[in-house]
Amino acid sequence: MEKSPIKKIQSLFFSFFSGLDRQLGLILLGLAAVGFFTFLSASQNTPVQIADELRNLALSFVVMWLVSRIPPKWLEISAVWIYGLGVALLVAVAAFGLIKKGARRWLNIGIVIQPSEIMKIAMPLMLAWYFQKREGIQRAWDYGVAGIILAIPVFLIARQPDLGTALLVFAAGLYVIILAGLPWKWILPFVGVGVVGILLIIIFGGTICAHDVVWPFVHDYQKHRICTLLDPSSDPLGKGFHTIQSMIAIGSGGFFGKGWFQGTQAHLEFIPEKHTDFVFAVFSEEFGLLGNLVLIALFFALIKRGLAISASAPNLFTRLLGAAVTLIFFTYAFVNIGMVSGLLPVVGVPLPFISYGGTALVTLGFGAGILMSIHRHRRLVQS
Amino acid sequence: MVSFKKPNLDSFQERIHIATLFVTVCFLLLVTRLVWLQLISHGKYALLAESNRIALVPAPANRGLIIDRNGIVIGRNYSALTLDVNAEEVKGNVDQLINELSEIIDISPRDRRNFKRSLEDSRNMGTIPLRSMLNEAETARFMANRYRFPGVEIRARNFREYPYNELASHLVGYIGRVSQRDKERMQAEIENSKSDDPDALQASFLPGIQYVGKIGLEQSYETVLRGVPGYDQVEITAGGKPVRTLSSSPSVPGKNIVLSVDVKLQYLVEQLYGNFRGAFVAIEPETGDVLAFVSKPNFNPNDFVEGIDSITWKELNDSPQKPLYNRPLKGIYPPGSTYKPFMALAALENKKRTPSQTISDPGYFDFGNHTFRDDKKGGHGIVDMQKSIVESCDTYYYMLARDMGVNMMHDFMKPFGFGQITGIDLQGEARGVLPSTEWKQNTFKKPEQQKWYEGETISLGIGQGYNSFTILQLAHAMANLTNNGVVMKPHLVKAIEDPFTRNRVLTTPKESYRIDLSPENIEVIKKAMVEVNRSGTSAAAFQGAGYVAGGKTGTAQVFSLNSKDYKHGATAEFLRDHALYIAFAPADKPTIVIAMVVENAGFGAQYAAPIARKALDYYIEGKWPKEVPEWKRAP
């Protein structure tokens, strides 16, 4: 029987969305909605256009949809190539990249691109591919090889210098390595050293932040960031200003917030980067603790769902890739909120789906697309 | 179904669980942090956000005018454009900012010094003027470049101005920028006055007060002149850009003070002193109105308003002439022979002498083994009371002092105000010394110094010895005498005037107390003093006067020499005698009394009395002496 046009459109519509994980989709729509409404308030009196934000959100969802159509197998096949391309571009950046604000991070290939962004996805792809290849025959030195795969781009990004991105790429790779089965006896000592290190910095912050103390391996401005985190009031009009003012914004929001468009900190320009990295302060001031709980619940749901998709993924590659991508979302959210609320040093990390910015939204859409794809193709592989 | 490698999947599932746990812990950490910020510390941050966004922009109150008894304004305000710098903005790089500003605006080294000093003096006290009286070109240049200088702005501000410069400088005083000490004093003032005074300053108004009276009437009438500063509550951006005014509280202008001083008289006397140092006080006896209050040399109070430069300050401070010293208020001098009329009155009142009782003066007086000499070699012969005053016979008063004793003299002189604080409306009045046995006991430490020696009594009779008074006290005592013992508190300010309604409220207390004196005795003294100007020591100065004035000259020793050894011209200037003179006029109903000293000038008759004559000519008859330039700016 001939289908009616309406049925046709309906089926087309469903096929368009078929295989997209409904839960994940709703969570992302929720986050995008929060992002859009916060953007409206944050971008008031700035030249940033609402149309740009809408275009970026749309672009993100289009990328997500496209990627969700790509079978994971293709990703597996192209992993090495993407990784190789990323590293090549990073080397190119080191050789003849553009220098802005004292950092060599960009490459002009007709349009200006930032290759380190590619590594955020390329790194988990590559390592997931590697462990997929070594599945069942893992040796201790496999982790050594993985470490080298991880270290090369991280090193290249760190010396641009772009410590924030380097840490995120490092974290993305580390998640894969740990989830792939890195023995606990190797992990725990590092966790121990990390915890002790953080405690030492907190306790002896005053001493090591003295002017004449030079930190090894770290640029002066990075030392400064960590030191102002420990004591924002040490530089209230300089680097500490951002942290102090965003904490004031958050704190003054109280439980219910000051109301949409009512944030004085945001609208009187006390919050820096208020529609990008510090957008959480704007949201937090206007929607209060209540809004924050909803937002964090959304992020938590996103991560739970991502991990659930990964847990039920068909092979090691998709499992590792899905979980790593999910944990990247987590890392973004945690680091961003931590930095804006004064828990972590100020590093340039956007709040996923809330911060304004095309590149980040596309990367995040790509990541969400991978999760969708893993979910969509689970049966195809299983059966 | 694909078969998973069981152990591997289990291991992965386990790690996913651990990851979930890790994520949960991290999010709980964030939630804890947010609860801490938004619930527990909410109050603190809400306050910080408010103080972030709201700035109090002070609106200084117009300072009251200082007006003389005839309506001549001698302290006023004018408006001019100032370059103000927000103190908060320039921490650390003052010089760089000033260097950049000086490319478009002329900033002198003096401006720079003053600014830096103000910055140090008044930490965190809002805006500090860097350059005042900007011209149009400078204003335009700055406005074109203002984006380069956050925290720097041009404001119209009121400046204090003393249009006649040096005129009456010690009495008017000056204002200057609030110092940390002023601020603390004002804080105390607020705390003390809060409960009972509805017009009391509020703590929040303090930042609006940038100038306070430092000396003179500007200081003593500070709370009247100052008014109450207002403020605007302005919402500002992080960059300090005002967004809107939330509320505003208008300032209440200060009240005008109307002086009892006649500044024309003041000006005349200041001119007559020329290069001489000295003090001159004229009082209207009936009211206690101070008509002139001269301290010479003067200084220019305008130099102090915006902070005095160090060169001028050093000059003023180091000058042996001591131009900053308020002589009538703080300078203490032995009254010399001007004391004699009071001594004579004391003798009459205490029945130690009658007017006609005489002594025989050989030219000296022996007491114990010491000889007290008279001015006149061979003596004045037979001397009665009038002659003792007219000829200024020392021996008469040596004997009188001996007969009265120190305590009788003290008790009689004290109510006249000798050696007492008069309570004039200026701060820092000197007390001087009116000796008595009790005074000596309290003043000295060693027992042999505490004992009063009879010999010390003798020279008190001629206004020497321990006697030392201010010229203000001498004028006050003269006023009390001519006012028949009715004591009026001397005051420089007569009334407080409302700047809008021009309503005046008299501030002066009426009578302080009465000294019980017999009118006949007073007449004897006045008659003798009139005779002094007619045929005595100041007769030359008062020749041809159109009114009858009484007077008495005096010479006060600066350096303890026997008068026979003193040679005026041969003595170093600062060791020469002070010339004193007291006067009242017209004799039948005095409207003015005068006490004055011309420092290191020599004899009173020669240097002081002529000045008094011209002052009286002007005050009583309106005569303006030719050698003094005309009052140019009289209204």
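A residue is called buried when its relative accessible area is under 20%, exposed when it is over 50%, and partly exposed in between, with a 1.4 Å probe and protein chains only. The model is predicted, so that local features need pLDDT (the predictor's confidence in each residue, from 0 to 100) of at least 70 and side-chain atom pairs count only at pLDDT 80 or more, while totals for chains, interfaces and linings use all residues. Residues are numbered from 1 along each chain as its sequence is written, chains are lettered from A and ligands numbered from 1 in the order in which they are written, and side-chain values use heavy atoms, with hydrogens and water left out.

**Exercise 1.** Classify Cys26(B) and Cys393(B) as buried or exposed, and state how many disulfides are counted over all chains.

*Solution.* Cys26(B) has a relative accessible area of 8% and is therefore buried. Cys393(B), at 0%, is buried because of that value. For the count, a disulfide is a pair of cysteine sulfur atoms within 2.5 Å, and by this rule there are 0 disulfides over all chains.

**Exercise 2.** Place Ile203(A) in its helix, and decide whether this residue is buried or exposed.

*Solution.* Helices are DSSP runs (H or I, at least four residues) and strands are too (E, at least two), numbered from the N terminus; Ile203(A) lies in helix H8, residues 184-208 of chain A. Its relative accessibility is 60%, and therefore Ile203(A) counts as exposed. Buried residues, by contrast, make up 53% of the 383 residues in chain A, a chain with 15 helices and 3 strands.

**Exercise 3.** Find which residues of helix H17 in chain B are buried, and name elements that cover them.

*Solution.* Within H17 (residues 406-413), the buried residues are Val406(B), Met409(B), His410(B), Phe412(B) and Met413(B). Their cover includes helices H14 (340-349), H16 (394-404), H18 (437-443) and H20 (454-460) of chain B.

**Exercise 4.** Judge where chain B calls for caution, using its pLDDT.

*Solution.* Begin with the whole chain: the mean pLDDT of chain B is 86, and 90% of its residues reach 70 or more. Over residues 195-201 of chain B, however, the pLDDT is below 50, and this stretch has 10 contacts (heavy atoms within 4.5 Å) beyond near neighbours in sequence. Residues 560-564 of chain B also stay under 50, with 3 contacts beyond four places in sequence. Where pLDDT is low, the predicted coordinates should not be read in detail. For the complex, the predictor gives an ipTM of 0.90 and a pTM of 0.65.
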